Amino acid sequence: MSHARLRNAAIAGGWSSRTSAAAVKRPTRDGGSGALVARGVGTTAADRRAVGRPVSRSPMLLRPLIPCRGMAVAGSGKVLTGDNVFENLRKMEYAVRGPLLLRALEIEKELQKGVKKPFKEVIKANVGDAHAMGQQPITFLRQVLTLTVSPNLLDDPSYPEDAKERAKTVLHGCKGGSVGSYSESAGIECIRKHVAQYIQERDGIPCDYRNIILSNGASDGIKSFLKLFNEKINGKPSGVLIPIPQYPLYSATLAEFGLTQIGYYLNEENKWSLDLDELERALNECKGKCNPRVLVVINPGNPTGQVLTRSNIENIIRFAHKNHLFLLADEVYQDNIYDKDSAFHSVKKVMTEMGEPYSKMELASFMSISKGYMGECGIRGGYSEIINMDPAAMAVLLKSISAMLCPTVLGQVVMDVVVNPPRPNEPSYQQFQKEKAQTLRSLAERSQLVVDTLNSIPGFRANPAMGAMYVFPRFQLPQKAVEAAKAKGQEPDIFYAFKLLEATGICVIAGSGFGQKPGTYHFRTTILPQKEKIKTMLESLKQFHVKFLEEYS
């Protein structure tokens, strides 16, 4: 019987193909009244004789199906429900785009409809989206992007020659000379070579482009990498050490993949530094529960903004080597260093310069076009460099990402500009350097403004933001506010953040979404609103907090 006839017969007989979501209850010949029935599909006459049934020439013979957990039954409606959707996804949380942002979006719509509020706009300080907060794109970057999308403009004299040359190089690497074509799964080869050259110039250490994998932002690359560890060993899941506070991508990904989160606390009293004793504590506490296999380092930090010293990184590398851990270095904020006494040191550079055995350790490093001076979050571009990985494991990773076809080509184009910017002898060099410097200088000024203002508010304490795009202040809450939060079934810092949003339109993310030591309260705010708006935001926050203390004291 053809597939079409089989399906029609199945529907006519009440048997639904595949999941049987809307199947009708039918009595079986053996007297059962199972919820779902199938009719001898895939069975032989001998099979049917074995259960005492006569052989029928009918193409379909009623047989009971044993319901599985979560299987839709007659009259239940939906095949997929909140009860039978993948359990790990139900557990997964991503605070940056959680209930606070959803409420902020609702308030925006209310304002558009004319609903009266004590503020005129919602300020979304919850996410590091620079362009949404008014940052202007880098001219040269957008010129190259435009030329690749519209090659007919390559003859336009208003575009500089260095932008045209880069666009031509990228288009030559595209199939059919078009960014609308698929690229290789690991990315366009010439761009991967430019990334390798960029890393080599940054670190002074050779880089093999075959270790470079382009991705849709760093997030996709990190998830693809962590997925490799989703294998139980001796019946126990893999464990991943992550900093607390952490970027919620990590906790969400670990929950989704069923990996064990091993949190190590950063030292807030010492500018959010990383202490070896704390790493040892976290590792010892998880023994017997999982197989620790990965150590995540975020440098500069998110949400805490710390910049690791070279000595700190060396100690981390020694710890990882001693405990046989694969290092994951999240370095997407490497351009965002504001503290004059701090500098970015890549884990690869430090590890290599330490010599063997450390230089032979497994390391995955990540970079993005969403941060730095670029802020091109929506275009989605990133890269990973993975060194010293077992070739068989690398082959599995490449096979895994091939199922996603390829990263967005436009994101690859922007990444190419980031790693291959105008050189001193090229026409766009001066303007590019000017725009880059202005952007980073403005971010540094706003970072200092946020820290200084927060520290002037009673009960607030903010460490200096040495880098990245955020400040993570600690604040005190009256016991009455803590009790009010518990009465509503909320964490106290979430209760505070919702009150702040409703009173001022300021959307920040509560510290509990990033992790924090018990009994402490924080929130993360970006430094991205433009200067005048950020002044207004901070003044509103200050006034709100004073009133909040009066209400709950």
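**Confidence, sheet and aromatic contacts in a predicted model**

In this predicted model, pLDDT stays under 50 over residues 1-62, a stretch with 73 contacts beyond four places in sequence. Where pLDDT is low, the predicted coordinates should not be read in detail.

Reader: What pLDDT does the protein average?
Author: Residues 1-62 stay under 50. Across the protein, 85% of the residues score at least 70, and the average pLDDT is 83.

Reader: Which strands are the edge strands of the open sheet of seven strands?
Author: The strand order is β4-β10-β9-β8-β7-β5-β6, with mixed pairing. An edge strand pairs on one side only, and this holds for β4 (212-215) and β6 (260-265). Neighbouring strands are turned by 20° against each other on average, direction ignored. The edge strands are thus β4 and β6.

Reader: Do strands β5 and β7 run parallel or antiparallel, and how many bridges join them?
Author: Strands of a sheet pair through backbone hydrogen bonds, either parallel or antiparallel. In β5 (residues 238-244), Ser 238 stands opposite Asn 291 in β7. Strands β5 and β7 (residues 291-298) run parallel, and the bridges that join them number four.

Reader: At what angle to β10 does helix α14 run?
Author: Helix α7 (residues 189-203) packs on the sheet, touching β4, β9 (363-368) and β10 (382-387), and its direction makes about 115° with that of β4. Helix α14 (residues 409-419) also lies across β4, β9 and β10. Its angle to β10 is about 70°.

Reader: How many Å apart are the end C-alpha atoms of helix α6, which should span 18 Å?
Author: Helix α6 (residues 161-173) has 13 residues, and the expected span uses 1.5 Å times one less than that number. The expected 18 Å agrees with the end C-alpha distance in the model, which is 19 Å.

Reader: What covers the buried residues of α6?
Author: The buried residues of α6 are Asp 162, Ala 163, Lys 164, Arg 166, Ala 167, Val 170 and Leu 171. What covers them includes α5 (139-149), α7, α14 and α15 (429-455).

Reader: Are Phe 495 and Tyr 552 buried or exposed?
Author: The structure holds 19 aromatic pairs. Phe 495 and Tyr 552 form one that is edge-to-face, at 5.8 Å centre to centre and 80° between the planes. The pair links helix α17 (residues 492-504) to helix α18 (residues 531-552), its members being 57 residues apart. Because buried means under 20% relative accessible area, Phe 495 at 3% and Tyr 552 at 8% are both buried.

Note on methods: Residues are numbered from 1 along each chain as its sequence is written. This is a predicted model: local features need pLDDT of at least 70, side-chain atom pairs count only at pLDDT 80 or more; totals for chains, interfaces and linings use all residues. Side-chain values use heavy atoms; hydrogens and water are left out. Two strands pair if DSSP finds at least two bridges between them. Helices (H or I, at least four residues) and strands (E, at least two) are DSSP runs, numbered from the N terminus. Axes are lines fitted to C-alpha atoms, for helices over the stretch in contact, and angles run from 0 to 180 degrees between N-to-C directions. Contact means heavy atoms within 4.5 Å. Buried means under 20% relative accessible area, exposed over 50%, partly exposed in between (1.4 Å probe, protein chains only). pLDDT is the predictor's confidence in each residue, from 0 to 100. Rings of Phe, Tyr and Trp (its six-membered ring) pair if their centres lie within 6.5 Å; planes under 30 degrees apart count as stacked, over 60 as edge-to-face and the rest as tilted.
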